[in-house]
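Please open the model in your viewer and keep the selection panel at hand. The tour below goes from one selection to the next and says what is to be found at each.

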Amino acid sequence: MQLLQSPAMRPLYLSYCFSSSRYLATITFSSSSNLLPKSILPTFRTNRGFNSTPSISRLSIRNCSSISAKPSSGLRRQKGSSDSSEPDDKKLRALRQLFSKPGIGIDAYVIPSQDAHQSEFIAECYMRRGFISGFTGSAGTAVVTKDKAALWTDGRYFLQAEKQLNSSWILMRAGNVGVPTASEWLNDVLAPGAKVAIDPVSNFVSNFDALNWLQQFLFSFDAAEELKDDIAKKNHELVYLYDVNLVDEIWKDSRPDPPNAPIRVHELKYAGVDVASKLSSLRSQLAGAGCSAIVVSMLDEIAWLLNLRGGDVPHSPVMYAYLVVTMDDSKLFVDSSKVTSQVLIHLKNAGVELRPYASILSEIESLAFKGTELWLDPSSINAAIVNTYKAACEKHLEGLGSEGTGKSKNREVSNCSSGQSWGPSGVYRASPISLAKAVKNASELEGMRNAHLRDAAALAQFWAWLEDVIHEGAKLTEVDVSDKLLEFRKKQDGFIDTSFDTISGSGANGAIIHYTPEPENCSIVDPKKLFLLDSGAQYIDGTTDITRTVHFGEPTAHEKECFTRVLQGHIALDEAVFPGTTVGFVLDAFARSFLWKIGLDYRHGTGHGVGAALNVHEGPQSISFRHGNTTPLQEGMIVSNEPGYYEDHAFGIRIENLLHVKEANTPYRFGGIRYLAFEKLTFVPIQNKMVEVSLLSNTEIDWLNDYHSQVWEKVSPLVEGSASQWLWDNTRPLVRQ
């Protein structure tokens, strides 16, 4: 799957720091080429205390019978909460009527995709952009003025947005020549001096309940500041609507309830490192940066650090929470109704205290008043937290200045970020947890390997079934196929959920890079057309993500050539050997070069990071043509390898495996640098029928045959009957005629 946001999907320019076709968008909407300025990029190395663990043998996996994934046919109508009973233009009229209400008085309103934690996947109750626009893609920003409405999205979603937006909306195809950014467009269409509203609270508001609080904080500090600076060029004012979300005002009672799934402990045999060790390593990083506390808001970072998993967000085993870690204690801000007795004991043993989710701002104020120097990641921490901290720091400094005379009045307070003497101001840099989480330890890698083998067995059973029924003349919809795949995966030990909405696209729908079939209007799987299936699963011990493109009949010569060139790029990246200082954009060309030779390309990144039994998309690493991500690939990271090619309104092709970054055994180490290579995690056949053998070198043929030999060796012991026969038939050596 192609891409966050982690760090975050940024609302106005959708610039992601580790881009791939699904997880991270590859098109930058702002003029800035980097998601994170150099000044806030990580300057640390991963502390091995985060990752050290003894090697272990294959682990037994239990069924997670208490957790169930819903089939596509049962979810699609709710997806995006678009409420088709109420036309989008009626929603726009209702929204605009709120612009002139007392206490609001605005000229434009910006509606981002994300929740308060800058998540890529979010709970249904926070899908405000989907509700107001009808567009359900995971990336996009809606901007509504008094007489216009526009939606920005990247190349993965152009075709989907064309289908889902009605005539009231202007589709802004981000990255295309002549398409303005959201702030540029606002500067063009608004009269000077206009008021543009967003809804992160800018001041601490006491006595509001948790639900209302959950409705706020939708912009990261970076995003809010950039928007403010950009629109100031035309004398526009950025307005914070801190006590109301305008979309929620018209969504009203039809809005889904907030999630309240129970939290579970992620067992040590899967996590590899206990919570106390992770917290100790994090505190060492804080001390090295001159800080005394950190605020963590990214949901996957909290889950990883505390060895917890949740169910608040579809496809992602995370819970809505904040975490504050100081040098002396740790506090988890979460709805206590989600905390089971087992989790409570787990947290107590790790020295983690529970606090109400809605009390995070009061805690930030308290830390500032104590002179605490906070580590804040401005790309993911929302504007409400940063603004609260800054305001409280100013009050703290004023208090120091009015403490009487003499020694007390002249007391100096160190500012760790600059070495000057004044009150706390915060250290703004990328979260140290992101990199530590990305470098998997031995237990996490073992779990990922095991999960991928069980997933491969499910896929072998699925493909054997699908080919049989298609050849028998069955009429199956794309949703039917997606639901059947879920049935096979559910039978595997340790299955929890899908890792994203299955992309099941026949013919032209395969060209919609993030296509999600809907029961009401999806296509029949046509045996005479290409079929693209991009899917993944969450298991108790690992996360999978795989794409295969097949033909049930006879592909055309053009389809075979395109497929083969995608395969050649996939092979080239898989076999890459590179210095340990290499960043992902250097490798991206490996996967594109064979398409480039005939003037073709694709509009998404080539690889995204993947979590271990966590988010299917994670950073900070990526393999993408964008130069903004300067994080080198490191041993232990997991990335996807997913080049593709898409002909609008005709077909789509993508081949995706997950790879583990490992040390390469090279005879030399130029400059004393270690070299790295990839180890495959995914073992599912690539359809030989789609390959134009004449285009392949002998080395490429050997790669494909060796891969299929490994698939048979690793997966055949896990299947039987028709699935075993299908696996045998589809792993036979390819021979040059």
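## A charge over a ring

Begin by selecting lysine 714 and phenylalanine 683: the lysine lies over the face of the phenylalanine ring, at 5.2 Å from the ring centre. Keep in mind throughout that this is a predicted model.

Leave phenylalanine 683 selected and add tyrosine 707, since these two residues form an aromatic pair that is stacked, with 6.0 Å from centre to centre and 20° between the planes. The pair links distant parts of the chain, for phenylalanine 683 sits in the loop between β27 (675-680) and α21 (698-715), whereas tyrosine 707 belongs to helix α21, 24 residues apart. Phenylalanine 683 counts as buried because its relative accessibility is 6%, and tyrosine 707 is buried as well, with a relative accessible area of 0%.

Another charge over a ring is found by selecting arginine 732, which lies over the face of tryptophan 728 at 3.3 Å from the ring centre.

## Further aromatic pairs

The model holds 15 aromatic pairs in total. Select phenylalanine 495 and tyrosine 539, whose ring planes stand at 75° with the centres 5.8 Å apart, so that this pair is edge-to-face. Here too distant parts of the chain are linked, with phenylalanine 495 in strand β15 (residues 495-498) and tyrosine 539 in strand β18 (residues 537-539), 44 residues apart. Both phenylalanine 495 and tyrosine 539 are buried.

Next, select Phe462, Trp463, Trp465, Phe531 and Phe552 together, which form one aromatic cluster.

## An open sheet

Now display the three strands of an open sheet, which follow the order β16-β17-β19 with antiparallel pairing. Its edge strands, each pairing on one side only, are β16 (503-506) and β19 (546-551). Averaged over the sheet, neighbouring strands are turned by 10° against each other, direction ignored. Strand β17 (residues 530-535) runs antiparallel to β19 and is joined to it by six bridges; to look at the facing residues, select aspartate 534, which stands opposite threonine 547 in β19.

## Helix α10

Finally, select residues 275-288, the 14 residues of helix α10, which at 1.5 Å a residue should span 20 Å, and measure between the end C-alpha atoms: they are 20 Å apart, which agrees. What caps the N-terminal end of this helix? Aspartate 274 does, with a side-chain oxygen 3.1 Å from the backbone nitrogen of alanine 276. Along α10, the buried residues include Val275, Leu279, Leu282 and Leu286, and also Lys278 and Arg283. After α10 comes glycine 290, whose phi is positive, near 75°.

Key
Residues numbered from 1 in each chain as written. Predicted model: local features only at pLDDT ≥ 70, side-chain atom pairs only at ≥ 80, totals over all residues. Heavy atoms only, no water. Helix = DSSP H or I, 4+ residues; strand = E, 2+ residues; numbered from the N terminus. Expected span 1.5 Å × (residues − 1). Buried < 20%, exposed > 50% of the residue type's maximum accessible area, 1.4 Å probe, protein only. Polar contact = N/O pair within 3.5 Å; in protein donor to acceptor, adjacent residues only side chain to side chain. Phe/Tyr/Trp six-rings, centres within 6.5 Å; stacked < 30°, edge-to-face > 60°. Lys NZ or Arg CZ within 6 Å of the ring centre and 35° of its normal. Pairing = 2+ DSSP bridges. Axes fitted to C-alpha atoms, helices over the stretch in contact; angles between N-to-C directions.
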